[in-house]
Each structure stands twice: as structure tokens, then as C-alpha cells.
Amino acid sequence: MNQPVENGEFLKFSRQQPERFSSPSQFSLSNGTQVTITAPGIISFDPGQQAAQPTKQIVYSCGVHGNETAPIEICDDLVKDILTESLQLRHRVLFLFGNLPAMDIGERFVEENMNRLFSGAHSEGEGCNNAERKRARQLEQAICDFYAGASDSAPRFHYDLHTAIRASKNEKFAVYPYLHDRRHSRGQLAFLAACGVKTILLSESATTTFSYYSSHQHQAHAFTVELGKVRPFGENDMSRFEDARQALTRLISEDDYAPTVALDELDIYRVNQVINKHHEDFKLHFEDDTPNFTDFEKGEVFASESGRTYQAEYAGEAIVFPNANVALGQRALLTVVPTTLDNPDV
Ligand SMILES: O=C(O)CCC(=O)N[C@@H](CCC(=O)O)C(=O)O
Ligand SMILES: [Zn+2]
């Protein structure tokens, strides 16, 4: 059957003519790849007879924040390459283009930060069923259905691709969600390093982010991956994303892409403080253009609000994702301190 996505322009049609994908559809490419479109921005591929044994189950998500465009462009290109058969897959892969309305207005979100709505947070609180909550539910369901489509023993992966709001001393970095009783994976650190991501933040608490959802609910190897800085569509220097593009391509198209890394090549931090905003007068005590990973002296004040100040507990404690302009109750700042990973899993 002819494939109904001309020139592989799945993202373009998802944004401009979402009604084309208002009911689920399936079709096959001439190379045997089976395509399933569940909704605008949600498309999965199964290489069928061409699949490696064992197959991996890989999720690439992007645009959970609508203005983080470089990962959207990378995923758009990969989907086009698969649909036009210039890329042959060896593994099952699901692409999720998260927040289409926010992409259209070039903003992080429309009503609510979608990356605080997973693991059931979309259904908490009264009477709020906005588009971002519905989409978070739909994205969770897409992941459930996708992982259910292969044996439980097929390893699961989810890379939730972002770019950061501000400049960063370490341009590319990843958040490794809290693993509870599971061990960190050396192979995953090597894959991230191949993407150019050599700074890793080990989270030490449950969150309502997308990557934590896949990690905790589905035991996936899952990460929030920050590939650079937020820029409008068309204004990214894509040469800065070339390593990531190549590694993401190789993972889905090679039987067993298994890069290696020496742990001492990595900068590993653990999250020390998760500072939430509780009052409207919350303010940061450093300049707006202070880059991520700027470190502070012990006792220096990071932020304050009515009744509280937040300060460095360690010499060299560094800031990540500072943002005073978040909703009450949400994270306004992470602080991190260097650590080591003594005994990672394979
Ligand atoms: O640069 C910023 O302030 C935000 C960039 C971003 O969207 N980061 C993610 C991190 C999610 C995580 O902690 O795993 C977010 O804030 O949602
Ligand atoms: Zn983001």
C-alpha cells in the first residue's frame, strides 16, 4: 500500500493538518517496515523481518517543551528518513512530538508545563483537563502500547530530548531519573557520551517528568537529555548536534550499537537540593544570564522567598535550571554536587 505521508512530512502534517491523523492508521513500507500512526505527533515503526534479534524498544521524544526546537528537527529528519526508506531500521522505535500547539506559538507550553504532568499528575487537582494534561495522558498511553508490542524481555529505552533555557558551562547534559533499587547503566552512559553528553545528573527523588515515568513505570533506560540551548526553528547550528544525531541514528539502525566510555571521561553530579517555589516573591540571588553549572561557595545564597533562604550546603555546589518564573509548588532550581559512580551495571 502506498504510504499516506507524502515525502515523509509527518510532523508538518501533524501540525498543519492534524485531522489527517485523527484516527489511528497502519501501513507498510516497501522495505517491510510497519508504520503505526496513533495521533498527530505519535508514530511508531516496526522493522518486521528486518529486525535484529533481540530487538530493542526505543522511544525518542521531543518537543515536550514547544520551543526546544533542535531535537524536534532531529526527530523530524529521522522520521522522514524512515518513511522515505533512506534509513532501514533494525529495532522498534516510537517517536513522540510532544506539545504541538506550543510548537506553533514558539513557547515552552500553552497553559501548563507538560513535563510536570506525568506519572498521574495529569489527573490530580480539580476540574483541570487542559490540552497539556490530555496530551500527557495520551503520551503515557502511547508508551504503554508501544512497550506492550514486544516481549517483556526486549530492553526498553526512552530518550526525552530537550534544550535548556539558559547557557550552560557544560553544554550537553542528561538527567538520570531516580532508579529506586535499580543500578545505573555503564552502557547507557556510553551511549550518552556518544551523543556528546558527558555530564550526568543523578536524580535522587521521584518526579513527575516524562523520563522518570518511563524509567519507573516501565523499567526503561530513560533520560532527560539536554542537547544545547533553546532557539527558534531554523536558527539552530545543527553542526553542534551532529554527534547526537549520529548516535540516535545508529542506535535504531544497527543491530547492536554499543559504544564504550571510560567513567573518568564523565562529569557526574548528584542532585543535592530540589528548590521549589512556594511564594510569589521567590527570587534568585544571581544574574539572569548566570549559566547552568556555575558553582557557589558554601553558605552563598541561591534564592529566597518569604520565610526562607536557600543556600549552598557544600563548596562547589552548582546551579541547574534556575527559573523564578514557574508556577507555585514547582521546581525553580536544582543544585548539584560532583560525585562518582562506583559500581555501575553493564
Ligand atoms: O533550562 C531549563 O530551565 C529547563 C530545561 C528543561 O526543560 N529541563 C527539563 C528537565 C527535566 C528533568 O529534570 O528530568 C524540565 O525542566 O522539564
Ligand atoms: Zn525542556
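Here are three short exercises, each with a worked solution, on a predicted model and its ligand 1.

**Exercise 1.** Find which residues come nearest to ligand 1, and sort the shell around ligand 1 by class.

*Solution.* Start with the neighbours: there are 15 residues around ligand 1, and Asn115, Arg116, Ile165, Thr224 and Glu226 come nearest. Next, sort the shell by class, which gives four nonpolar, six polar and five charged residues. Then turn to secondary structure: β6 (156-164) and β9 (221-229) are the elements that give two or more residues to the shell. Of the elements, β6 gives the most, with three residues.

**Exercise 2.** Work out which atoms of the protein lie opposite oxygen atoms of ligand 1, using a cut-off of 3.5 Å for a pair of N or O atoms, and then how much of the ligand is buried.

*Solution.* Take the side chains to begin with. Threonine 224 has a polar side-chain atom 2.6 Å from an oxygen atom of ligand 1. For arginine 108, an N or O atom of the side chain is 3.2 Å from a ligand oxygen. Now look at the backbone: an N or O atom of isoleucine 165 there lies 2.7 Å from an oxygen atom of ligand 1. Finish with the area: ligand 1 exposes 430 Å² when taken alone, and the protein buries 97% of that. As for the site itself, ligand 1 takes up the space of the largest pocket.

**Exercise 3.** Describe the span 265-338.

*Solution.* Begin with the record: an unreviewed UniProt entry lists these residues as "domain: AstE/AspA barrel-sandwich hybrid". Then check the model, where residues 265-338 are 47% strand and 0% helix. Lastly, compare the ends: their C-alpha atoms lie 13 Å apart.

How values were computed:
Residues are numbered from 1 along each chain as its sequence is written. Chains are lettered from A and ligands numbered from 1 in the order in which they are written. This is a predicted model: local features need pLDDT of at least 70, side-chain atom pairs count only at pLDDT 80 or more; totals for chains, interfaces and linings use all residues. Side-chain values use heavy atoms; hydrogens and water are left out. A residue is near a molecule or strand if one of its heavy atoms lies within 4 Å of it. A polar contact is a pair of N or O atoms within 3.5 Å; within protein, one must be able to donate a hydrogen and the other to accept it, and residues adjacent in sequence count only if both atoms are side-chain atoms. Accessible areas come from the Shrake-Rupley method with a 1.4 Å probe; for residues, only the protein chains shown count as cover. On a 1 Å grid over the protein atoms alone, a cavity is a set of points where a 1.4 Å probe fits but cannot get out, and a pocket is an open set with protein on both sides within 12 Å along at least five of seven lines; lining residues have an atom within 4 Å of a point. A molecule sits in a cavity or pocket if more than half of its atoms lie within 2 Å of its grid points. Helices (H or I, at least four residues) and strands (E, at least two) are DSSP runs, numbered from the N terminus. Ala, Val, Leu, Ile, Met, Phe, Trp, Tyr, Cys and Pro count as nonpolar, Asp, Glu, Lys and Arg as charged, and the others, Gly among them, as polar. UniProt positions are given in the numbering used here, feature names are shortened, and annotations may be inferred rather than shown by experiment.
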